[in-house]
Amino acid sequence: MPLKPKLVALVSSLALILIVALAARAAFAWDQERKIPRDALAVVPFAQETGNIAYALASGQGFSSPFRNNTGPTAWLVPVYPVILAGIFRMFGPLSIPALNAAIFLNIVFSAAACVPIFYVARRVAGSPAGVVAAWCWALLPAAIMLPFEWIWDTSLSALLAALLLWATLCVAESESWRDWCLYGLLGGFSLLSNAALGSLLVPWLAWAGYVVLHRGERGSVLASPAGATLATGRREEQVPSLGPDRHKGWKLPLAAAAIAILCCIPWTVRNFVQFHRLIPLRSNFSFELWSGNNNIFDPHTGNAMARITLYGEVRQYTQLGETGYMRDKWRKATLFIRTHPRLECKLLFGRIIATWLGTQRPLNDFRGADFWLPRVVFLVNALLLLGTLAGLVLLYLRRNRWAFPLAIAPVTYPIVYYITHTSLRYRHPLDPILVLLTALSATAVFNWSSKRRATTKSISHAPAPR
């Protein structure tokens, strides 16, 4: 076998991509860990709500105490990741280096594993080259390399679940199997109990997949592209054969998936009602998050509504009022601020939109003022992701790609809650697999166009001159 095909086959190997993804994340974690004192390393990464609730669980106090003080039951977070972390504490000891290493390793596995659904979704949408490019982009994405170490949170798990949900959505849209749809509902329920924000992806994706199945029998296949073109090759797609589903079965399938997803959440909702005597479907802390980004202690010099919030003051108030009273107070203050400061609220909203996509409200100033190369790399990568996402959405529309809706709706719906409350690149990270997919589609399309252009130029230059 010639060297070039061997090299292409090696680079296109999903196994190699996974190995590189794991190695890159592990190398970053090792490099960072050796720079931090061991005493701080065993405590500081767990000094947040997830670590505190996991510590309470491992200590036999139940799902409680988001600020480490024994303040009683909480619904501040959904249960999956704190329970996972509590299991790690039970196995390796709470607030210890072995527990930290186990948590980081699990985050690394979650993050690297996202290469698999990203690869297969991109391949389904635009062909094998796009799948390879997308998987490599995720394997080497700076945020995906850094966050498994920097945040002992559900962030890496949520990115994996978002990619899996997208992959499963594309699969069930072509399936009339009860088993497939029930498993889709289970995945949706698990995702909601891992990160409630994933509901902003699950709801439109489930609705779209249900629409596709319901209408397939009426007009061949809704998934068939009207223009019949793909991003990968430009060739005409074959019409997907009509499966002619029973119309009653068509609407029952997505309804069953939605019911299973809701049923997965009901035990948690019932527990919350029993503890707090009010309906809390998933999380209780929206009022706090809204107040964090919209409050009367806004710092006009930094443009940051969170700059003057102190942990000590909030813990004291939370302890005095309890979780229900604390959230009511934050809701009252946040809504009053929004009503009475409409102009400032618009300014804050615009700043949060910019920060969601570029990482900072003042990207150019912060880029020039950075005294280290890594923040500049992160800014440049996010700027490229934004441009690639926009280009990918335009290409999907122009080519009438049959998978356009689930890919296009995600960047619209997912960030809304962070535009309203407060934002960071960490919060956006579960959306990053979709942004990487769209960027890979646009990059592949540009490469194909460039290759065709060079081939055309070469054929013209070698054509015999007319006599």
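User: What makes helix α19 count as mostly covered?

Analyst: In this predicted model, seven of the 10 residues in α19 (residues 404-413) are buried. Those are A404, P406, L407, I409, A410, P411 and T413.

User: Why is the contact between R124 and E174 called a salt bridge?

Analyst: The closest N and O atoms of R124 and E174 are 2.8 Å apart, and the cut-off is within 4 Å, so the pair qualifies. R124 sits in helix α7 (residues 115-126) and E174 in the loop between α10 (155-172) and α11 (178-194), so the bridge ties together parts that are 50 residues apart in sequence.

User: Why do you call R124 partly exposed?

Analyst: R124 has 29% relative accessibility. Buried needs under 20% and exposed needs over 50%, so partly exposed is the label. E174, at 30%, gets partly exposed too.

User: What about D329 and R332, which of them is buried and which is partly exposed?

Analyst: D329 comes in at 12% relative accessible area, so buried; R332 has 46%, so partly exposed. Their side chains meet in a salt bridge at 3.0 Å, N to O. Being three residues apart in helix α15 (residues 311-340), they are separated by about one helical turn.

User: How do you know that D432 and R428 are buried?

Analyst: Buried means under 20%. D432 is at 1% and R428 at 4%, so both labels hold. These two form a salt bridge as well, with the closest N and O atoms 3.0 Å apart. Elsewhere, salt bridges that share partners join D31, R34 and K35 into one network.

User: How many salt bridges does the structure hold?

Analyst: It holds 10.

Technical notes. Residues are numbered from 1 along each chain as its sequence is written. This is a predicted model: local features need pLDDT of at least 70, side-chain atom pairs count only at pLDDT 80 or more; totals for chains, interfaces and linings use all residues. Side-chain values use heavy atoms; hydrogens and water are left out. Buried means under 20% relative accessible area, exposed over 50%, partly exposed in between (1.4 Å probe, protein chains only). Helices (H or I, at least four residues) and strands (E, at least two) are DSSP runs, numbered from the N terminus.
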